[in-house]
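Trainee: I should like to learn how to read the features of a structure that is new to me. May we work through one together?

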Amino acid sequence: MQAIQDHYPAEFSHCYGCGPANPHGFHLKSYIDGERTHARFTPASMYSGGYPGNVYGGMLASLLDCHGTASAAAFAYRAQSRVMGDGGPPIRFVTGSLKVDYRRPTPLGVELLIEGTLCSLEGRKAVIDLTLSAGGEVCVTGVMVAVQFVAKA
Ligand SMILES: CCCCCCCCCC(=O)SCCNC(=O)CCNC(=O)[C@H](O)C(C)(C)COP(=O)(O)OP(=O)(O)OC[C@H]1O[C@@H](n2cnc3c(N)ncnc32)[C@H](O)[C@@H]1OP(=O)(O)O
């Protein structure tokens, strides 16, 4: 099954968090399944936060950041009854704002589940609700305003 990011055009594939073409990045892979998107990621031990054995908050925000914009793109394709990679003009979003709430420490060494749901989609603006869970417990929640990217002439 192809990830949302696998459909990014080459010029948009260099994101540190999710760009398939960035050799140093995290290569986050997001998928849409019904009303929800999901991604799984296990941060390496070097991404330790202040609490021993727990994940650095910036890493967690990065995961929400990349999963949120991918989710916005997937939901926008669906709203237009389009399929990613259909040969039409690509729909891509960037992060306008991202609010992150760290609700409990996130353990290192555990696969994390990042999920997204569409709150609203109007014009170029998508609001995405995000959660990040470890072992079935929600550790981080977020709300993203994603804005559809328009190339400047
Ligand atoms: C290119 C694709 C790449 C895909 C790779 C994955 C990306 C991974 C995630 C990222 O890290 S993205 C990088 C971090 N984000 C940025 O660098 C974005 C920098 N900001 C911008 O480029 C512009 O400010 C932005 C495109 C977000 C908006 O500028 P525009 O001039 O194109 O839009 P405009 O100001 O007309 O706003 C359009 C709508 O979005 C709303 N909006 C814009 N910025 C907002 C904001 N910060 N918060 C809330 N809403 C915002 C704005 O109110 C408006 O809503 P309404 O249509 O309802 O009036």
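Trainee: Is Asn22 buried, partly exposed or exposed?

Mentor: One counts the other C-beta atoms within 10 Å of the residue's own; 20 or more make it buried, and 12 or fewer make it exposed. In this predicted model, Asn22 has 14 such atoms around it and is therefore partly exposed. Asn22 belongs to the segment before β1 (30–33).

Trainee: Which residues is Asn22 in contact with, leaving aside its neighbours within four places in sequence?

Mentor: They are His14, Cys15 and Tyr16.

Trainee: How should I read Thr117 in the same manner?

Mentor: The place of Thr117 is in strand β4. Thr117 counts as partly exposed because it has 14 C-beta neighbours inside 10 Å. If residues up to four places away in sequence are set aside, Thr117 touches Glu35, Arg36 and Asp129.

Trainee: What are the bridge partners of Arg36 in β4 and of Thr117 in β5?

Mentor: The partner of Arg36 in β4 is Thr117, and the partner of Thr117 in β5 is Asp129. These pairs belong to two strand pairings. Strand β2 (residues 36–41) is antiparallel to strand β4 (residues 112–122), with six bridges between them. Strand β4 is likewise joined to strand β5 (residues 125–134) by 10 bridges, and these two run antiparallel.

Trainee: How many bridges link β5 and β6, and how many link β3 and β6?

Mentor: Between β5 and β6 there are 10 bridges, in the antiparallel sense; within β6, Thr141 stands opposite Thr131. Between β3 and β6, which also run antiparallel, there are nine bridges. One of the residue pairs there is Ser97 with its partner Val145 in β6.

Trainee: How does one read the turns between such strands, and which residues have a positive phi there?

Mentor: The general idea concerns the sign of phi: most residues other than glycine have a negative value. In the hairpin of β4 and β5, two residues lie between the strands, and Gly123 takes a positive phi near 60 degrees. The hairpin of β5 and β6 also has two residues between its strands, and Gly135 in that turn has a positive phi of about 55 degrees.

Trainee: Which residues have a positive phi although they are not glycines?

Mentor: His27 is one of them, with a phi of about 55 degrees. His27 lies in the segment before β1 and is partly exposed because 18 other C-beta atoms fall within 10 Å. Ser81 is another, again with a positive phi of about 55 degrees. Ser81 sits in the loop between α1 and β3, and with 6 C-beta neighbours inside 10 Å it counts as exposed.

Trainee: How does one read a nonpolar core?

Mentor: In soluble globular proteins, nonpolar side chains tend to be buried together. Here the largest nonpolar core has 31 residues, and those touching the most other members are Leu60, Leu63, Leu64, Ala72, Ala73, Ile114 and Leu132. The elements β2, α1, β4, β5 and β6 give two or more residues each to this core, and α1 gives the most, with 11 residues. Leu60 serves as an example: leaving out residues up to four places away in sequence, Leu60 touches Val55, Thr106, Leu132 and Val140.

Trainee: How many residues surround the ligand, and which are the closest?

Mentor: The shell holds 19 residues, and the closest are Arg92, Gly96, Ser97, Val145 and Val147. Ser97 and Val145 are already familiar as bridge partners. By class, the shell consists of nine nonpolar, six polar and four charged residues.

Trainee: Which elements supply at least two residues of that shell?

Mentor: They are α1 (57–79), β3 (93–102) and β6 (137–148). The greatest contribution comes from β3, with four residues.

Trainee: Finally, how should I read an annotation taken from a record?

Mentor: One may set the annotated span against the model. An unreviewed UniProt entry carries the annotation "domain: Thioesterase" for residues 53–137. In the model, that span is 27% helix and 38% strand, and the C-alpha atoms at its ends lie 16 Å apart.

Terms used. Residues are numbered from 1 along each chain as its sequence is written. This is a predicted model: local features need pLDDT of at least 70, side-chain atom pairs count only at pLDDT 80 or more; totals for chains, interfaces and linings use all residues. A residue is near a molecule or strand if its C-beta atom, placed from the backbone, lies within 6 Å of it. Ala, Val, Leu, Ile, Met, Phe, Trp, Tyr, Cys and Pro count as nonpolar, Asp, Glu, Lys and Arg as charged, and the others, Gly among them, as polar. UniProt positions are given in the numbering used here, feature names are shortened, and annotations may be inferred rather than shown by experiment. Two strands pair if DSSP finds at least two bridges between them. A nonpolar core is a set of buried Ala, Val, Leu, Ile, Met, Phe, Trp, Tyr and Cys residues joined through C-beta atoms within 7 Å. Two residues are in contact if their C-beta atoms, placed from the backbone, lie within 7 Å.
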